[in-house]
Amino acid sequence: MLDLVTLAATEAGELEAGLTAIGRGIVYVGAAAGPGVGIGIVVGNAIQAMARQPESAGMVRTTMFLGIAFTEALALFGFVLAFIISG
Amino acid sequence: MRRFRLLFAGLAVVLLGLVAGVGTAHAVSEEELREECIHILEEGGTVDDCHEAPSPILPEANEVLWGGIAFLVLLLLLWKFGYPAMAKGLDDRAERIRSDLEAADTAKNEAEATRAEYEDQLRGAREEATRMRDDARAEMDDYKAQRRAEIDAELAEYRERAKAEADAAKGQALADVKAEVAALAIGAAEQVVQKSLDRDTNVALVESYIDSVDARG
Amino acid sequence: MTTLLALDFPPVSHVTEWPDIFFEGSPLAINKVVILMWVSVAIAFVFMWAAGRNFQMVPGRFQGVGESFIDFIRNGIIMQTIGKDGLGYTPFLGTLFVFIMICNAWGIIPALQMPVTARIALPALLSIMVWVIFNVVGVIKNGLFGYLKSVLFPPGVPWPLYILVTPIEFVSVFFVRPLSLAVRLFANMLAGHLLLVSFAVLTTAMFEFFPLAAILPGAVLIAMTLFEVLVIFLQAYIFTILAAVYIGGAIHPEH
């Protein structure tokens, strides 16, 4: 398989591959930063709510998972987008 | 259960062997790759096309097809065979718990009703006893009063009669005394008349007569 | 093939694409993923069948797990999202949950190590199924016009804002919902699988280089596998509860 790789690795190809990798990295950073903060806010507030009203913890937990799921979806779009960008 | 467990374990082992023996992902030999690349190049592709792996985010038709069939089969199986038994069992249990609770409630109500009834009866009996006692007492009092009245009346009658008898006796005695005195007077008078004596003789005569009457009476 | 610090990391396609075994090249081609799907079907069915086969008042082991599973679907998912009139969806949502969970679980079964849901096929298919169901239910319950009105013109919004809200809601409900539902499950499982593969490759390379050096990546690999257990359950749960939320929103548009 190695000689195939060598065959394919012309200079232009290498540059393109490198730029693609950088692009993927940027996409994923951009996509993950926001949701990271967002999930933190969701979980933090959920914990606060649970601490204030432990009797409603079940409802808060369900809603928290939903909130995490919606927020996390954005990061996962970025993850998938990174695969879509092909060199 | 034991037979079922053995069956299940056997199935698992067979499938594990089958699937694990399939080999690593995308294990295509180098020669095949080379041939494929030559084929691509012959069709006017570039060298980069050879190296391109299928995108991991595009669905494969066969997996979609089989996934759909598998899910629908599982859905049908669970809907027809798995779920109804469980749901029926759960509903039966809920129903049984409910009916048990209801039965317990009914039993409790019944027991309470019986107790209330007994208490009523007891209270009634007590009231009856009290009433009877009061009746008896009243009757006794009545009887007593009546007896007393009767006795009083009897006594009064006796007293009356005794008094009447005493009066009668007294009257009789007076009459007797009167008659006696009259007889005495007549007798004495006779004596006096027959003898016509002096005064001393008359007194002596009367006295002797009275003495004779005394001695007689 | 990506080379990093003299380690060969296989490209993504090489850890998720499996060669066909039977009917190669046809639309009915069977590969490892398809076999695992059918094993999942068999396990799920056999388990639920065994649980409900001889129902007793005092539950045995299988029946106890089956009962708590149905109770979880009914009280943990449906009652919290749809309400009492959603109990008819118990078989569908239960099947969804158990199928996705078993398909996820193959990712950490030794020697198999391939989550079926790390291929986009199954998540995409299931999310399209959910999309069709919640739209059909919404149209049946509210009529076509009423359903579109409840989706596109949410009440309690001042009318000028509809210029902004309506396109957003349209895209959100009819495109982002199914897409995010599929991508969430798929990307989570794929990411988890890639993490496991990376640490497995690292551990192997370290072991070949110097056995003691493999302790750290090996420990991380084990920790990641335990974390995957959580993800397996959580992703099945989130997929199912989101399906329930969408169906519930279609049944009761006022919420």
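Is C:Gln113 buried, partly exposed or exposed? The tour of this predicted model opens at that residue.

**Stop 1: a loop of chain C**

Select C:Gln113. The residue counts as partly exposed, with a relative accessibility of 37%. C:Gln113 belongs to the loop that runs between helix 4 (90-105) and helix 5 (121-152) of chain C. Display the backbone here as well: the phi angle of C:Gln113 is near 50°, a positive value in a residue that is not glycine.

**Stop 2: chain C as a whole**

Next, show chain C as a cartoon. Its secondary structure consists of 7 helices and 2 strands, and the order along the sequence is β-β-α-α-α-α-α-α-α. Measured out along the principal axes, the C-alpha trace would be described by spans of about 70 × 55 × 40 Å. Chain C has 255 residues, of which 50% count as buried. For contacts in chain C with a separation of 6 or more, 65% come from residues 24 or more positions apart.

**Stop 3: helix 2 against helix 3 in chain C**

Select helix 2 (residues 32-53) of chain C together with helix 3 of chain C. How far apart are the axes of these two helices, and at what angle do they pack? The axes lie 8 Å apart, and the packing angle is about 105°. An angle from 65 to 115 degrees counts as roughly perpendicular, and the two helices are therefore described as roughly perpendicular to each other.

Now show the side chains at this contact. Helix 2 of chain C contributes C:Phe47, C:Met48, C:Ala50 and C:Ala51. From helix 3 of chain C come C:Phe62, C:Gln63, C:Val65, C:Gly66, C:Phe69 and C:Ile70. Sorted by class, the contact comprises 8 nonpolar residues, 2 polar residues and no charged residues.

**Stop 4: C:Gln63**

Remain on helix 3 of chain C, where C:Gln63 is found, and centre the view on this residue. Its relative accessibility is 5%, and because buried means under 20%, C:Gln63 counts as buried. Which residues does C:Gln63 touch, leaving aside those up to four places away in sequence? In chain B they are B:Met86 and B:Arg93. In chain C they are C:Ala51, C:Asn54, C:Phe55 and C:Gln56.

**Stop 5: aromatic pairs around C:Tyr237**

Over all chains, the structure holds 16 aromatic pairs. Select C:Phe72 and C:Tyr237 to see one of them: the pair is tilted, with 5.8 Å from centre to centre and 35° between the planes. This pair links distant parts of the chain, since C:Phe72 sits in helix 3 (residues 61-81) of chain C and C:Tyr237 in helix 7 (residues 215-251) of chain C, 165 residues apart. C:Phe72 is partly exposed, at a relative accessible area of 23%, whereas C:Tyr237 counts as buried at 8% relative accessibility.

Add C:Phe233 to the selection. C:Phe233 and C:Tyr237 form a stacked aromatic pair, with centres 6.1 Å apart and 5° between the planes. Both residues lie in helix 7 of chain C, 4 residues apart, or about one turn of the helix. C:Phe233 counts as partly exposed, at 34% relative accessibility.

Then extend the selection to the full cluster. Which residues do the ring pairs link? The cluster consists of A:Phe65, C:Phe69, C:Phe72, C:Phe97, C:Phe233 and C:Tyr237.

**Stop 6: a charge over a ring**

Select C:Arg177 and C:Phe134. C:Arg177 lies over the face of C:Phe134, 5.2 Å from the ring centre.

**Stop 7: chain A**

The cluster at Stop 5 includes A:Phe65, and chain A is the next selection. Its secondary structure comes to 3 helices and 0 strands, in the pattern α-α-α along the sequence. Of its 87 residues, 33% count as buried. Among contacts in chain A between residues at least 6 apart in sequence, 78% join residues at least 24 apart.

**Stop 8: helix 4 of chain B**

Finally, select B:Ala173, which is placed in helix 4 (residues 61-195) of chain B. At 37% relative accessibility, B:Ala173 counts as partly exposed. Add B:Asp100 and display the separation of the two C-alpha atoms: it is 106 Å, for residues 73 apart along the chain.

Key. Residues numbered from 1 in each chain as written. Chains lettered and ligands numbered in written order. Predicted model: local features only at pLDDT ≥ 70, side-chain atom pairs only at ≥ 80, totals over all residues. Heavy atoms only, no water. Phe/Tyr/Trp six-rings, centres within 6.5 Å; stacked < 30°, edge-to-face > 60°. Buried < 20%, exposed > 50% of the residue type's maximum accessible area, 1.4 Å probe, protein only. Lys NZ or Arg CZ within 6 Å of the ring centre and 35° of its normal. Axes fitted to C-alpha atoms, helices over the stretch in contact; angles between N-to-C directions. Parallel < 35°, antiparallel > 145°, perpendicular 65-115°, else oblique. Contact = heavy atoms within 4.5 Å. Nonpolar A, V, L, I, M, F, W, Y, C, P; charged D, E, K, R; others polar.
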